[in-house]
Every structure is written in C-alpha cells, then in structure tokens.
Amino acid sequence: MIHTAELSIVLDKEHLQFRENHYGTEPINQILHMHMIKGISIVEFSNKPIAFCKLVIDIPLILNRGNVDENDYEQVESYIRRALSIVYGDVLLFEQHNLSRIDYRFDVEISNENIRKIYFELFRKLKKKTAHLEKKIYFTSQYHQCKSIHIIFYDKEQERGDKNEHVERWERGVMRFEVSVEKNHLKYKKYKKGEPRFLKDYFKKEKYAHYMNNYILNICPTGDFYSYAKLEAIIASLDLSTREKLQMKEIVKCVSKGSLDTAAEKYSASTYRKYLKLFNEHGINPITIPPKYKLNYLESLVKQAVL
C-alpha cells in the first residue's frame with residue numbers, strides 16, 4: 001500500500017539545543033543507528049531563517065514486512081515519535097509535521113526474471129504523454145511524471161541489483177507499480193481543497209485506491225496480454241458488430257507495429273478512447289506479445305493493482 005513518506009517539521013531553538021547538549025556534533029542518522037532506529041533518516045536545516053528537519057520514512061523497513069495497510073498507522077506513528085524524541089527530546093514534535101511526499105505502491109511477485117523483462121518491454125509501448133504526464137524510460141524503470149505526480153513501473157529486484165543495494169525479502173522477484181505524490185500536489189490539495197497534509201490522512205485505504213486507480217488507469221490498459229494471432233481470434237469471437245471488430249484488429253496491428261502513440265496519432269481522440277474502453281471492457285490489451293517470446297498469454301499486472 002504505502003512505501004515511503006517524507007515529512008517536514010519546523011524546529012525551535014530548544015530542539016536544536018537538546019540535540020547539541022546530548023549528542024554534540026554526532027550526525028543525526030548515526031544517533032538513530034545507535035538507538036536501533038531503522039527505516040528513518042533525518043536531514044536538518046538549521047542554517048535557514050526558519051530551522052526545520054526532513055524525515056524520509058521507509059515504512060516496510062520499519063514494519064519489517066512488505067504488506068502495509070491503514071491498520072499499521074498507529075505503530076508507524078509511535079515509531080516516528082520515538083525517533084523524534086531521541087533526537088530532539090520532544091515526542092509532541094510529530095504533531096507539527098507536514099507531509100511533503102507519499103509513495104503508494106503495488107507489488108506483483110514474478111519469480112521468473114525473463115518474464116519480468118517481457119512485461120517491461122510491453123510497458124514500453126505505453127503512450128509517451130498522457131494528459132500532463134511525460135514518459136521517460138531508463139534501464140530498469142519507466143516514469144510518467146510531472147512536477148506533482150510521478151508514476152513508476154519497474155523491476156524492484158533488478159533496480160536494487162543495479163545499485164548494488166541489499167534486496168529485502170519482500171522485494172525479491174517483484175514488479176512494482178508506484179504512484180509518488182509530490183509536495184506541489186499535496187500543497188494544492190491543502191490550500192485549494194482543504195485536505196490536511198498529515199501522514200494519517202494519506203495512510204487511509206481510500207487515498208491509496210484513489211491515486212492508484214486515477215493515475216495507473218490513465219496510463220495503462222487493464223486487459224491481459226496475448227500474441228497477435230491469439231488476440232485476433234479473441235476479437236473475432238466477441239459479440240460486437242463486424243465494423244467494431246475490424247476496427248479493433250486494425251488498432252492491434254497499429255500498436256504492434258509501433259506503440260499506443262501510433263494508434264492515438266492515427267485515429268481521432270474520440271475513436272481512440274472508444275476502442276481503448278472496448279479493449280478494457282473485454283479484458284484484452286491492444287499491446288501484443290512479440291512473436292520472439294513464443295508466448296500466447298500473459299496476465300495483466302495492472303488489473304491486480306487496481307482496486
């Protein structure tokens with residue numbers, strides 16, 4: 001459900017004095033390490049007109065498991081309060097926080113590394129631009145992003161390996177779908193919509209469902225993947241008009257030769273939306289599996305991520 005959160009907290013002179021009196025010039029994250037606090041890192045900005053600190057919180061690492069839901073909130077809050085009390089001597093400091101980023105994620109375990117690579121290749125055929133989100137592809141990750149929202153699809157185990165980082169047990173063989181809600185979006189929600197920037201409010205299941213559904217569905221068709229021959233046969237069997245079936249086949253050919261962008265550029269916006277909706281309604285994806293893989297079917301990962 002939730003992967004990472006970032007909090008910003010304004011500090012008083014008393015907080016800075018407490019840390020200096022108790023720890024001198026000891027680095028903050030070393031202080032946390034000495035007190036067996038894991039999953040939280042703190043960066044302090046005391047040379048600004050207003051002193052503050054930023055906390056980056058790895059929630060699965062705090063809980064020591066991959067599955068996180070809103071029932072875990074109290075345990076996470078208590079853990080953060082303890083960390084702040086250790087460093088700044090104020091357990092109530094947490095109540096002054098502003099959420100500056102929250103990362104929602106859905107993991108699908110696929111033990112076969114080659115299958116994960118095929119999925120990643122299929123995702124390359126997604127549109128380059130959807131609404132205000134621009135696509136960028138890296139070696140192990142695909143981003144759709146703007147200043148306010150980042151949507152990321154990636155092979156988590158591969159990403160860890162490329163960075164020579166430790167792979168947690170809940171990250172092994174995982175394809176991850178992530179929606180990162182950035183500070184600009186959170187500020188907009190607070191000042192324009194009156195929604196608080198507190199971790200508790202964004203820990204709720206309905207928030208998770210809102211961001212995963214609204215943003216993942218805007219980018220990814222939800223149907224299963226098929227080879228071109230298999231998909232052509234499925235379309236032929238649908239209870240649709242001959243014209244609609246022919247148009248669906250033409251779109252599939254168009255996408256197979258290029259990407260979803262190729263189809264979007266060929267047809268009008270209304271036609272493209274109409275047929276993409278038809279594909280979704282019948283549980284089939286217009287993106288086909290390349291013949292070189294000799295596979296007729298791969299289950300959609302997106303439909304598992306959507307609530």
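Asp72 sits in the loop that connects α3 (59–63) with α4 (73–88); helices (H or I, at least four residues) and strands (E, at least two) are DSSP runs, numbered from the N terminus. The model is predicted: local features need pLDDT of at least 70, side-chain atom pairs count only at pLDDT 80 or more, and totals for chains, interfaces and linings use all residues. Residues are numbered from 1 along each chain as its sequence is written, and side-chain values use heavy atoms, with hydrogens and water left out.

Two aspartates are listed below. Buried means under 20% relative accessible area, exposed over 50%, and partly exposed in between (1.4 Å probe, protein chains only).

| Residue | Location | Relative accessible area |
|---|---|---|
| Asp72 | loop between α3 and α4 | 8%, buried |
| Asp103 | strand β4 (residues 98–109) | 4%, buried |

Leaving out residues up to four places away in sequence, Asp72 touches Leu63, Arg65, Asn67 and Phe203, where contact means heavy atoms within 4.5 Å. With the same exclusion, the residues touched by Asp103 include Met1, His3, Glu178 and Ser180. The side chains of Asp103 and Ser180 also form a polar contact at 2.6 Å (a pair of N or O atoms within 3.5 Å; within protein, one must be able to donate a hydrogen and the other to accept it, and residues adjacent in sequence count only if both atoms are side-chain atoms).

In strand β2 (residues 40–45), Ile40, Ile42 and Glu44 point to one face and are buried, while Ser41, Val43 and Phe45 point to the other and are not. Strand β2 runs antiparallel to β3 (residues 52–58), and six bridges join them; two strands pair if DSSP finds at least two bridges between them. Glu44 stands opposite Cys53 of β3, and a hairpin of six residues links β2 to β3.
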